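Biologist: Let's go through the labels on this model. I want the reason behind each one.

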Amino acid sequence: MEKTIFLATQARDEAPHYQHSTIGYNYRLSNICAGIGRGQMQVLEKHVERRREIHHLYKELFSGIEGITVMEAPSGDYQSNYWLTCILIDSEITGTNGEEIRSRLMNKKIETRPLWKPLHLQPVFRNTPFYGDGTSEQLFEKGLYLPSGPSLSNKDICYVAENIKQHIIQSKRNKTQLITENLNYKSVSVKYRNKLKNK
């Protein structure tokens, strides 16, 4: 029974990202779930509208923050429902990465997830041929999904964004301090070596 439930729930391994060592399925739909689904259809448009509002709020909150990109539809020809809002983190600019941000937010009881792990990196497909240019790996490495549920308030979204901003500020400060300490160490070392030469 345990194996059946495991396979029927996508055979997902224990990991913060979606990882699969076995091929699973997502065929679960009881009559109760079907009834709830019909009821949810009545609020679908309202939920999609709210998720779009949340996306635009994230975009506004992260505007001007170097190294953070809020992913969007490629052009006006597309109308995304923004069921999930995703950011890309440039570690060279921010001084941090998605996993560090995820861990900090988890400590604040805020759940986030990395972008979906590419299929060719899943253990279950490790022996399967793959053709690509590295784009999916980069997105997985740099991307982070943010809380986007329609029940979240604007205050909740601002709290998530503020924690990310504070983490970036602290990371930059730590990086600057480390560089300064390294330069000071090198300066002292040069002075010491020169002093030894003059003896």
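Modeller: First, a rule: a charge sits over a ring if NZ of Lys or CZ of Arg is within 6 Å of the ring centre and within 35 degrees of the ring normal. In this predicted model, Arg-51 lies over the face of Trp-83, at 3.7 Å from the ring centre. Arg-12 lies over the face of Tyr-18, at 4.4 Å from the ring centre.

Biologist: Why is the pair of Tyr-58 and Phe-62 called stacked?

Modeller: Ring centres must lie within 6.5 Å, and planes under 30 degrees apart count as stacked. Tyr-58 and Phe-62 have 6.2 Å centre to centre and 15° between the planes, so the pair is stacked. About one helical turn separates them, because they are four residues apart in helix α3.

Biologist: What makes Tyr-58 and Phe-62 buried?

Modeller: Buried means under 20% relative accessible area. Tyr-58 has 0% and Phe-62 has 3%, so both count as buried.

Biologist: Why is the pair of Trp-116 and Tyr-145 called edge-to-face?

Modeller: Planes over 60 degrees apart earn that label. Here the angle is 65°, with 4.9 Å centre to centre. Trp-116 lies in the loop between β3 and α6 and Tyr-145 in strand β4, so the pair ties together parts that are 29 residues apart in sequence.

Biologist: How do you know that Trp-116 is partly exposed?

Modeller: Its relative accessible area is 47%, and partly exposed runs between the 20% and 50% cut-offs. Trp-116 also helps make a nonpolar surface patch of about 520 Å², with Met-41, Leu-44, Trp-83 and Leu-84.

Biologist: What makes Met-41 exposed?

Modeller: Exposed means over 50%. Met-41 has 58%, so the label holds.

Technical notes
Residues numbered from 1 in each chain as written. Predicted model: local features only at pLDDT ≥ 70, side-chain atom pairs only at ≥ 80, totals over all residues. Heavy atoms only, no water. Patch = residues over 30% accessible without salt bridge, like charges linked within 9 Å, V, L, I, M, F, W, Y side chains within 5 Å. Areas by Shrake-Rupley, 256 points an atom, 1.4 Å probe, with all protein chains shown as cover. Salt bridge = Lys/Arg side-chain N within 4 Å of Asp/Glu carboxyl O. Buried < 20%, exposed > 50% of the residue type's maximum accessible area, 1.4 Å probe, protein only. Phe/Tyr/Trp six-rings, centres within 6.5 Å; stacked < 30°, edge-to-face > 60°. Helix = DSSP H or I, 4+ residues; strand = E, 2+ residues; numbered from the N terminus.
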